[in-house]
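I opened this one up to see how the inside is put together. Notes follow in the order I looked things up.

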Amino acid sequence: MGKVPATEDPPLAEVPAELADPLRPYLEAAAEEMVQEIRGLVPEYARPTDSKYGRRMKWAVQETVRQFVDAMGRPDFDWTELTGIYAGIGAYEARKGRSLDGLQTAIRVSGQVACRRFIRDARRLDWSLDVLGQITESLFVFLEKLAGAAAQGYAAAQEQVVTERERSRWRLRDLLIVDPPASREAIAELARSARWEPPRTIGLVAVRPPLGHPPPVMPPSILADWHGPAPFLVVPDPDGPGQDRLIASLVRECAAAVGPTVPITRGALSLRWARHALSLVERGVISEKGPVRCLDHIPTLVAAMSEELINVALDERLAPLMQLPPHRREPLAHTLLTYMENRDNAVAAAERLLVHEQTVRYRIRRLEEMFGEALTDPDRRIEMMLLLHTWVRFGNRRTELDT
């Protein structure tokens, strides 16, 4: 922890030094009274006096009382040790995730006890009202100095805690996408440091923000790499209630694809397919608006992974179709694919193609003349559907690449 910056010293140097000695025999009793008051009025500090926490609190109060009296009449008094103690207390509260309310109340309670005792001391030692006022004023400035040191220690520790937690979240985020995968034990250990509750499943979202697009405010459950060369999000239980809306809100105005839902150790698989899908979105192969889910586009993704082989196979396996001029080839290809996808139902195919069913029947008869028994061979049908799907999705781009 860095050194607490110096502030204006309490005006104890102006208090007559001879007032200190008559107070020293009563310092232990004063500290004990303060501890009892604090324990009774501040729930956070109501710890057993013989506990480690109780002993530490008593020591801090005793040091505070002793140094207050030692500083009387001493302009050269060094406050570094005492402000360091309170900066440490503030830092401890921050690391425990508590506010400074309890400590600030404890400081006020101590001041109240000190004021009551000073009034009795004034009667016992025949202090004038001016002396009593001088000591009381010094006390409040002194307590304000301690509260300031505690606040500085608290802020510094809180910043450090947040930074360390963020670093843990970054390491966890990267651990979830390593291949070969990390063990569940390693993930769970780092998740504790990051204060992230490991879910049963995760889904990776590949994102391409427009240039200059500001990062969204991420909820604590989302681990994100927004500023890297290939941004992505780790979304817990992506199939759960409301997750679709959450993902859509986070990637608004960005091209995005959601990988398959996987166990927590298989994040690399989900991210790999999310990035494949995002590349197809950017190429215009997948035209769906909003975040694209990989499992809604399996045929297209599978075809894309074998695009080179399929491009070679098209000219051979669909030769009668590919040899036609584009204005004749395209309606026939679209009709055949739609007809097969609708289980050879001409009415359903016509509804999807927005043409008359007799047009579909005419085109199918033409295709039967071209391909013969291949249209009814189960093995060839699967092959033809894959090839046709790829041509419909990638056909124009294939032509551009091959020219």
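Are Tyr45 and Tyr53 buried or exposed? Both Tyr45 and Tyr53 come out buried. I should jot down early that this is a predicted model.

**Aromatics**

I ran a search for aromatic pairs over the whole structure and got seven. Tyr45 and Tyr53 make up one such pair, with 6.1 Å centre to centre and 40° between the planes, so I logged the pair as tilted, since tilted covers planes that are neither under 30 degrees apart nor over 60. Tyr53 also has a charged neighbour: Arg47 lies over the face of its ring, at 3.9 Å from the ring centre.

Then I looked for aromatics that group together. Phe68, Phe77, Trp79, Phe118, Trp127 and Phe142 form one aromatic cluster.

**Cores**

Some of those names came back when I pulled up the largest nonpolar core. This core has 50 residues, and Phe68, Phe118 and Trp127 are the ones touching the most other members. Which elements give two or more residues to this core? They are helices H1 (20-23), H2 (27-41), H3 (52-70), H4 (80-95), H5 (101-125) and H6 (129-175). H6 is the top contributor, giving 11 residues.

I picked Phe118 for a closer look. Leaving out residues up to four places away in sequence, Phe118 touches Leu23, Phe68, Trp127, Leu132, Ile135 and Leu139. Apart from this core I found another one, of 41 residues, and Leu280, Cys294, Ala333 and Phe371 are among them.

**Val15**

Next I went to the segment before H1, where Val15 lies. Val15 has a relative accessible area of 1%, so I put it down as buried, the cut-off being under 20%. What does Val15 touch, not counting residues up to four places away in sequence? I listed Met72, Gly73, Gln134, Ile135 and Ser138. Ile135 is in the contact list of Phe118 as well. I also checked Val15 against Arg117, which is 102 residues apart from it along the chain; their C-alpha atoms are separated by 17 Å.

**Cysteines**

I searched the whole structure for disulfides and found zero. For Cys294, the nearest cysteine sulfur is that of Cys254, 17 Å away, so Cys294 is in no disulfide, which would need the two sulfurs within 2.5 Å. Cys294 is buried at a relative accessible area of 3%. Cys115 has 18% relative accessibility, and it still counts as buried because the cut-off is under 20%.

**Helix H8**

Which residues of helix H8 (residues 243-250) are buried? My list reads Gln243, Ile247 and Leu250. Looking down the axis of H8, I see these buried residues fall within an arc of 65°, so they line one face of the helix. The reason is plain helix geometry: an α-helix has 3.6 residues a turn, so residues three or four places apart point the same way. I then asked what that buried set packs against, and got strand S1 (201-208), strand S3 (232-236), strand S4 (255-258) and strand S6 (292-293).

**His389**

Last stop was His389, which lies in helix H16 (residues 378-402). Is His389 buried or exposed? His389 is buried, with a relative accessible area of 13%. Its contacts, not counting residues up to four places away in sequence, are Pro299, Thr300, Leu337 and Glu341.

Notes
Residues numbered from 1 in each chain as written. Predicted model: local features only at pLDDT ≥ 70, side-chain atom pairs only at ≥ 80, totals over all residues. Heavy atoms only, no water. Buried < 20%, exposed > 50% of the residue type's maximum accessible area, 1.4 Å probe, protein only. Helix = DSSP H or I, 4+ residues; strand = E, 2+ residues; numbered from the N terminus. Contact = heavy atoms within 4.5 Å. Core = buried A, V, L, I, M, F, W, Y, C linked by side-chain atoms within 4.5 Å. Phe/Tyr/Trp six-rings, centres within 6.5 Å; stacked < 30°, edge-to-face > 60°. Lys NZ or Arg CZ within 6 Å of the ring centre and 35° of its normal. Arc of directions from axis to C-beta.
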